[in-house]
Amino acid sequence: MTVPAARTGPTPRTAAPRFRPRGPRAWARRAPLLPALVFMIVVTQLPFVATLVISFFDWNALYPNDRHFTGVSNYSAVATDPALRDSVVTTAVLTAAVVIASVILGLLLALLLDRSFPGRGVVRTMLIAPFLLVPVAAALLWKHVLYNPEYGLFNGAITWVAKLFGDTSPPQPDWISSMPKIAVETALVWQWTPFMMLILLAGLQSRSMDMIEAARLDGASNWQIFRYMTLPHLRRYLELGVLLGSIYIVQNFDAVFTITSGGLGTANLPYTIYQTFYQAHEYGQASAAGVLVVIGSIAIATFALRVVSSLFREEASRS
């Protein structure tokens, strides 16, 4: 009788059970995070719960004794209020214009900074500077230093150019009054273009240069490389920039409040909520509108988080 030969290959290894600390050891590891968790709940969740509760009440600060529960009537009022509907349209137009312009300009600047040239570090720092400014300071800069019809830089440049051609009385337009929406959008584009540039520059620098060089050796032009290789690679980064920019610009209040004070058709949804709460003293209706804004922001943020997680998965699969 023959004895079967013994297996010489490696024996399969059983996965070692994971050790999950329980009891006091687990709480000892989580205890340092508890203060941050409590702080986050107190600062973010409790005010939101209070806002949600107030949104179900007919609450006018001018008549404090006439406060009563009304259910979802505030939400119905928000949906049927013409001023709020107009502010929603203004918010959508403002957000779309600023995001699209910022992404296009940010892509052009990212393509420029992806190349090596003398002084690239200085140029990069100067281009990032607008994003580091406080939003109110940036809005004041555009309102008084650039847009002012009497001593603003724009009208000063028009006067200087006109004098070169012999015109001693050039027009001095009031930029904010003549084009209020464009004035607000331009200030926001100037501030948010560096944010888009940083995201897209990170995407450009994560490309495989070996594939780019191989395409050049095969005779591909710069436009073909950009269209068929760079743009598909930047798709996730473009989506991330659009989503994050939309989240922040939808909630923008500083530029509208500082430059136009919500006049001339520039009142967006945050400014309209401010008017409802602080000027009309309608706490319930303003809270209902705020809850709807939070829900919309959460919906956009959910898509942004999915894009971020997909970026991390792609990077992990490459490594």
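With which residue does R207 form a salt bridge, and how far apart are the closest N and O atoms? The legends below address this and other details of the structure, which is a predicted model.

**Figure 1. Salt bridge between R207 and D114.** R207 pairs with D114, and the closest N and O atoms of the two residues are 2.7 Å apart. R207 belongs to the loop between α9 (180–205) and α10 (209–217), whereas D114 belongs to the loop between α4 (82–113) and α5 (120–132), so the salt bridge ties together parts that are 93 residues apart in sequence. R207 has a relative accessibility of 16% and therefore counts as buried, the limit for that class being under 20%. D114, at 23% relative accessibility, counts as partly exposed. A search of the whole structure finds 3 salt bridges, and the other views of charged residues are given in the next two legends.

**Figure 2. Salt bridge between R235 and E239 in helix α11.** The side chains of R235 and E239 meet with an N to O distance of 3.0 Å. Both residues are located in helix α11 (residues 222–250), where they are 4 residues apart, about one turn of the helix. R235 counts as partly exposed because its relative accessibility is 40%. E239 is likewise classed as partly exposed, with a relative accessibility of 26%.

**Figure 3. E239 and R236, and the network in helix α11.** A salt bridge also joins the side chains of E239 and R236, at 3.6 Å from N to O. These two residues of helix α11 are 3 residues apart, about one turn of the helix. R236 has a relative accessibility of 22% and so counts as partly exposed. Through salt bridges that share partners, R235, R236 and E239 are joined into one network. Side chains of opposite charge can pair when their charged atoms come close.

**Figure 4. Nonpolar patch on the surface.** The patch is formed by W27, L34, L37, V38, F39, M40, I41, V42, V43 and L46. Together these residues have about 960 Å² of accessible area. Helix α2 (residues 34–54) contributes the largest share of the patch, 9 residues.

**Figure 5. I41 in helix α2.** I41 is one of the residues that form the nonpolar patch, and I41 lies in helix α2. Its relative accessibility is 36%, which means that I41 counts as partly exposed. This value is consistent with the cut-off for patch residues, which is over 30% relative accessible area.

Methods:
Residues numbered from 1 in each chain as written. Predicted model: local features only at pLDDT ≥ 70, side-chain atom pairs only at ≥ 80, totals over all residues. Heavy atoms only, no water. Patch = residues over 30% accessible without salt bridge, like charges linked within 9 Å, V, L, I, M, F, W, Y side chains within 5 Å. Areas by Shrake-Rupley, 256 points an atom, 1.4 Å probe, with all protein chains shown as cover. Salt bridge = Lys/Arg side-chain N within 4 Å of Asp/Glu carboxyl O. Buried < 20%, exposed > 50% of the residue type's maximum accessible area, 1.4 Å probe, protein only.
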